[in-house]
Amino acid sequence: MNILVYGIGGVGGYFGAKLATTKHHITFIARGAHMEAISRNGISVKSILGDFHSHPNLVTDDLNEIQAPDLVIFGVKSWQLADAAKNLKPYVKPDTIFLPLQNGVRNSEILIEYFSSQQILGGLCNLISYIEAPGVIRHTDFVPTITFGELTNKKTKRLKALSKLFDQADIKNIIAEDIQREIWKKFLFICTISGLGGLTRVPIGKMRDSRYLSEIMENTANEILFLAQAKGINLSTDDVAKVFKIIADQDPESTASTQRDLMNGRPSELETFNGYVVHEAQKENISVPVNTFIYECLSPMERMAREKTPS
């Protein structure tokens, strides 16, 4: 299979490096010093589960160099996804499969603007990882897992083929019974911690230890639950409880990637997270005061970062 991994940050870098240990043809779309280091020396992953090293067949920032892929895995941030799809559109086949792994609940909708809905899967991943240095990915938490499924929730042959591919790469994978529910469960967790983390600028342990901040996280999560239910997503109070069990089990020094982006003055997924909750809640006539407060406090910082950084 000819596989293209578009975006070699923490997510794309980890899973791309795993795929590059197989006999499939693997292409990375990367840029700058990271691309140059991988081109020279391959990609190294420093992982809590054991370090490993691999070499993709091609790493490039020029789409003219790629072969038309059978599978595209998107590892870019959610705010970069539309541009990535637009850039890639002339280089794919009518039967190319697209698997987005970004945080957020709109990724499949974004891709449908550029490709046939039949080509698109729903997907998400669980891991904490980041670029430690050019050509080096650091994996610090969670057993890396890809969860995926058809947008219709049908169990198809291509899902089984994709699961077999991930097995070959030693990637834990789950075919979802209800992919939208799984995407929203991940969204419930990541949105609950990310915006508040960006606002307080402290790791998750400090937020957990504060009674006041813990209550804000609970209110954030409950607002997301109400929005999901209004949109027909099968989330429940049990899912909120499970999220807080995950939060309780996190390394106290953990920070979310959106929080780190906000703290470092980089464009973040704020619009995808609390911004999405605010805008969609308005459409559903739902009150989300906590998400609104977080979003409005962080929006000026986000606008400044985007003015300084081209997409």
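**Sheet and core organisation in the predicted model**

Strand β1 (2-6) runs parallel to strand β2 (residues 25-29), the two being joined by five bridges; strands (E, at least two residues) and helices (H or I, at least four) are DSSP runs numbered from the N terminus. The model is predicted, with local features requiring pLDDT of at least 70 and side-chain atom pairs pLDDT 80 or more, whereas totals for chains, interfaces and linings use all residues. Residues are numbered from 1 along each chain as its sequence is written, and side-chain values use heavy atoms, without hydrogens and water.

Within this pair, V5 stands opposite F28 of β2. Pairing, defined by at least two DSSP bridges between two strands, yields an open parallel sheet of five strands in the order β5-β2-β1-β6-β7. Each of β5 (58-60) and β7 has a single partner strand, so one side of each edge strand lacks a neighbour in the sheet.

In helix α3 (residues 81-88), L81, A84, A85 and L88 are buried (under 20% relative accessible area, 1.4 Å probe, protein chains only). These residues span an arc of only 95 degrees around the axis, which places them on the same side of α3; the arc is taken from the directions from the helix axis to the C-beta atoms. Their cover includes β1, β6 (71-74), β7 (97-100) and α4 (107-112).

The largest nonpolar core (buried Ala, Val, Leu, Ile, Met, Phe, Trp, Tyr and Cys residues joined through side-chain atoms within 4.5 Å) comprises 41 residues, of which W184, F187, I193, L196, I224, I247 and V277 touch the most other members. Helix α6 contributes the most, with 10 residues. Apart from this core lies another of 33 residues, among them V5, F15, F28 and L101.

Notes
Buried < 20%, exposed > 50% of the residue type's maximum accessible area, 1.4 Å probe, protein only. Contact = heavy atoms within 4.5 Å.
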